[in-house]
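Student: I'm new to this structure and would like a close look at one part of it. Could you pick out the aromatic residues that group together, and then show me around a few other spots?

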Amino acid sequence: MTRIVYADNAATTSTAPSVVKAMLPYFTELYGNPSSLYTVGQEAREGVDHARQQVADAIGALSSEIFFTSGGSEADNWAIKGIAHALAAKGKKHLITSAFEHHAVLHSMEALQKEGFEVTLLPVYENGLVKPQDVADAIRPDTALVSIMYANNEIGTIQPIPEIGAICREKGVLFHTDAVQAIGMVDIDVKAQNIDLLSLSGHKFHGPKGIGALYCRRGLRFPNLIDGGAQELNRRAGTENVPGIVGLGAAIQEATADIPGRTARIQAMRDRLIDGVLQIPRSRLNGDRQHRLAGNANFCFEGIEGESLLLMLDAKGIAASSGSACTSGSLDPSHVLLAIGLPHEIAHGSLRISLSDVNTEEDVDAILEALPPIVERLRAMSPLWERIVQNQS
C-alpha cells in the first residue's frame, strides 16, 4: 500500500483526537438544545459558553464579542456586508480590500458593488505583501471598511496587520481581517492590533469542519446575516452546532497554547522543503520567504501544468494543491499569483505544499524524492517547455 503524505493543510486539517474526544459527549449524552431551560439543554449551553470563552481568550477578545458561524466564508460575508449596509445610511459606501483576498471577501465586495458601493482593490507586490501606506492613501471620508487578510491562503504571506490596524483606528475606519489561515500560526491580539472584526474557521487548525466564528468588537451593530431566532445574542439565528462549537473551542485552545513551540518544527521542515525544491531548474518560491506562515511553501515550475503535477503526486501518495481548495475546479490560473505579477503561463504551473504539526521529516523526504522526476517527466512531454529551452539556446 502506498504511504499517504498529506501536505494540503491549508485546505483542511485532520481533526485532533483530543478534539474528537471533547466533542463526543455532545452527540450522545449532552445532546440537548442549548436554548432549552431544562437541565439537558443547560448542560449543552455550558459547553457553548465554555467554547466561546476559549475562542475569546485565544485572540484577546471578550466572550460577548464572539459569534459562532458555519465557517470562515459566512463570517467574511457577515462582517463585510453587514458593516457596508449599516454605514451606507451615513453616506459611507466605499470599501477597501486587496487584489488577492479569499473569494469569500472578493465576491462579497463584488456583490456590494452591484448595490452601488465602490470598492478599491489595493495592489499586492511581488513579495506577496500589502503596503500599509497604500491602505492609508486609499482611505477617504466615505470609507466604511478596510478588509485585509491576516495571511494569504495560497502563498502564505503574513500581512502587516498591526500597522494596518493602527492606520484604520487613527483614521476612524473599521478594520476586518480574514484570519482563517493565521489562527494557531501567529499570535493575534485583536485589541492590541486594532482589529474590529475577525473571521476564523475550525477545520484549519485541527478542529471540525462546518464551524467558525466572527469576532465583532463590542459596540458595533450591523444587520444579521441569518434571521429567524434569538441564538448568538440575537445576532445569528439557528440552533447551535453544539458538538462543532465545543470542538472549535478545544482546537483553538490547543492551537494557540504555545505557538512559537508548535511552529518551530513546522518551519524547519518547510525551510528544508523549500531549499530542496528550489534545486529544480526554473522553479521559484512565491511570496516573501520570511514573512510567511510556518507551514506554507508555494512554488511555480515553468513549462508544466499544475493539475498534471497534482495528479502525478497523488499517484505517489502525496496530497498537495495548486492553490485554494475553494477554486480547485477552475482551469484559470490563480488570481493570487496573477496579483503578485506572475504571467499566466508561469502561474498555471503552481504547487502549494502546506505542512502542519502532524507532518514528519519523512513526509518532506518523500516529497523531495517524488517531485523532481515528476517535473522532469512533465517537461519532457510539454511543448511549452520545449519552446523555453529553445529560447535559451
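Tutor: Here is a walk through the aromatic group first, followed by the strand beside it, two loop residues and a small sheet. Keep in mind that this is a predicted model.

Let's start with the rings. The structure holds 3 aromatic pairs. One of them joins Phe67 and Trp78, whose rings sit edge-to-face, with 6.0 Å from centre to centre and 70 degrees between the planes. Phe67 belongs to strand β2 (residues 66–69) and Trp78 to helix α4 (residues 72–88), so this pair ties together parts that are 11 residues apart in sequence. How exposed or buried are these two? Phe67 has a relative accessibility of 5%, and Trp78 comes in at 1%. The cut-off for buried is under 20%, so Phe67 counts as buried, and so does Trp78.

Trp78 has another partner. Together with Phe222 it makes an edge-to-face pair, again at 6.0 Å between centres and 70 degrees between planes. Here Trp78 is in helix α4, while Phe222 is in the loop between β8 and α8 (231–234), so the pair ties together parts that are 144 residues apart in sequence. Phe222 is buried too, because its relative accessibility is 8%. Put the pieces together and you get one aromatic cluster made of Phe67, Trp78 and Phe222.

Now look along β2, the strand that carries Phe67. Which way do its residues point? Ile66 and Phe68 go one way, Phe67 and Thr69 go the other way, and all of them are buried. Strand β2 also has a strand partner: it runs antiparallel to β8, and 4 bridges join the two. If you want a place to find that pairing on screen, look for Thr69, which stands opposite Gly212 in β8.

Strand β8 leads us to Lys204, which is in the loop between β7 and β8 (212–216). UniProt, in an unreviewed entry, lists Lys204 under "modified residue: N6-(pyridoxal phosphate)lysine". In this model Lys204 counts as buried because its relative accessibility is 19%, with the cut-off at under 20%. Setting aside neighbours within four places in sequence, Lys204 is in contact with Ala10, Ala11, Thr13, Val180 and Gln181. For Ala10 there is a further detail: its backbone oxygen lies 2.7 Å from a polar atom of the Lys204 side chain.

On the other side of β7 in the sequence is another loop, the one between β6 (174–178) and β7 (197–201), and that is where you'll find Asn194. Asn194 is buried, with a relative accessible area of 16%. Once neighbours within four places in sequence are left aside, its contacts are Gly165, Ala166, Arg169 and Phe175. With Arg169 there is a polar contact from side chain to side chain, at 3.3 Å. Another residue to check here is Cys168: it is 26 residues from Asn194 in sequence, and their C-alpha atoms are 7.9 Å apart in space.

Let's finish with a sheet. It is an open one with 3 strands in the order β9-β10-β12, and the pairing is antiparallel. Its edge strands are β9 (283–285) and β12 (350–354), each of which pairs on one side only. On average, neighbouring strands in this sheet are turned by 25 degrees against each other, direction ignored. Strand β10 (residues 296–301) pairs with β12 over 5 bridges in the antiparallel sense, and Ala297 stands opposite Ile353 in β12. What lies across these strands? Helix α10 (residues 259–277) lies across β9, β10 and β12, and runs at about 10 degrees to β10.

Conventions: Residues are numbered from 1 along each chain as its sequence is written. This is a predicted model: local features need pLDDT of at least 70, side-chain atom pairs count only at pLDDT 80 or more; totals for chains, interfaces and linings use all residues. Side-chain values use heavy atoms; hydrogens and water are left out. Buried means under 20% relative accessible area, exposed over 50%, partly exposed in between (1.4 Å probe, protein chains only). Contact means heavy atoms within 4.5 Å. A polar contact is a pair of N or O atoms within 3.5 Å; within protein, one must be able to donate a hydrogen and the other to accept it, and residues adjacent in sequence count only if both atoms are side-chain atoms. Two strands pair if DSSP finds at least two bridges between them. Axes are lines fitted to C-alpha atoms, for helices over the stretch in contact, and angles run from 0 to 180 degrees between N-to-C directions. UniProt positions are given in the numbering used here, feature names are shortened, and annotations may be inferred rather than shown by experiment. Rings of Phe, Tyr and Trp (its six-membered ring) pair if their centres lie within 6.5 Å; planes under 30 degrees apart count as stacked, over 60 as edge-to-face and the rest as tilted.
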